[in-house]
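User: Please take one part of this model and look at it closely with me. I work with cut-offs every day, so spell them out as you go.

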Amino acid sequence: NRDSLSGGDLVLRARALEGAILLEVWNSGVPLREKEMGSGIGVKNLRSRLAMHFGAGASFTIGPSNEGTLASIRLEANQVEYAHEAPKRPGGR
């Protein structure tokens, strides 16, 4: 991409905040223009998949942040137990 800066920074962060899990990616490249934010097929697919799996419990945002671009996924922090992870009871049941 001709707008990318050579030798830029990429910061990945996962944190808990107010009952949610935030997954963030910050890129020091040229910030997105207003008309580009959230309009691509990849962003639309991501939002659709988050809605399908988590409903209103998830969101995705992207936009300019501190001379770069920040993409963030917010998931409500719910404890989920899957059958293959359930603790085994004595006697194998």
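Analyst: Let's begin with the elements: helices (H or I, at least four residues) and strands (E, at least two) are DSSP runs, numbered from the N terminus. This is a predicted model, in which local features need pLDDT of at least 70 and side-chain atom pairs count only at pLDDT 80 or more, while totals for chains, interfaces and linings use all residues. Residues are numbered from 1 along each chain as its sequence is written, and side-chain values use heavy atoms, with hydrogens and water left out.

The part I'd pick is the sheet, with what lies against it. The protein has one helix and four strands, which follow each other from the N terminus as β-β-α-β-β. The four strands make an open sheet, ordered β1-β2-β4-β3, with antiparallel pairing; two strands pair if DSSP finds at least two bridges between them. At the edges are β1 (10-17) and β3 (58-65), each with pairing on one side only. From one strand to the next, the twist averages 15° (axes are lines fitted to C-alpha atoms, for helices over the stretch in contact, and angles run from 0 to 180 degrees between N-to-C directions).

Now let's cross the sheet. β1 and β2 (residues 20-27) are antiparallel and share eight bridges. Two partners place the register: A14 is bridged to L23 of β2, and R15 is bridged to L22. The hairpin joining β1 and β2 has two residues between the strands, and its E18 has a positive phi near 50°. On the way to the next strand, β2 and β4 run antiparallel and are joined by eight bridges. Here I21 has L75 as its bridge partner in β4, and N27 stands opposite T69. The step from β4 to β3 again has eight bridges in the antiparallel sense, with T69 of β4 as the partner of P64. T69 therefore turns up in both pairings, opposite N27 on one side and with P64 on the other; pairing of this kind runs through backbone hydrogen bonds. In the hairpin of β3 and β4, two residues lie between the strands, and N66 takes a positive phi near 45°.

Which residues of β2 lie on its covered face, and which on its uncovered one? A20, L22, E24 and W26 are on the covered face, while I21, L23, V25 and N27 are on the uncovered one. In a regular strand the side chains alternate between the two faces of the sheet.

E24, one of the covered set, deserves a pause. E24 counts as buried because its relative accessible area is 8%, where buried is under 20%, exposed over 50% and partly exposed in between (1.4 Å probe, protein chains only). The side chain of E24 makes a polar contact of 3.2 Å with that of R15. (A polar contact is a pair of N or O atoms within 3.5 Å; within protein, one must be able to donate a hydrogen and the other to accept it, and residues adjacent in sequence count only if both atoms are side-chain atoms.) Setting aside neighbours within four places in sequence, E24 touches V11, L12, R13, R15, L70, A71 and S72, contact being heavy atoms within 4.5 Å.

A71 leads on to the packing. Beyond residues up to four places away, A71 is in contact with L23, E24, V25, F60, T61 and I62. A71 also belongs to the largest nonpolar core, whose seven residues are V43, L50, A58, F60, A71, I73 and L75; such a core is a set of buried Ala, Val, Leu, Ile, Met, Phe, Trp, Tyr and Cys residues joined through side-chain atoms within 4.5 Å. α1, β3 and β4 each give two or more residues to this core, and β4 supplies the largest share, three residues. Helix α1 (residues 41-54) lies across β3 and β4 (68-76), at about 150° to β3.

Last comes G57, in the loop between α1 and β3. G57 is buried because its relative accessible area is 12%. Its contacts outside four places in sequence are R74, L75 and E76, and its C-alpha atom lies 8.6 Å from that of A77, 20 residues away along the chain.
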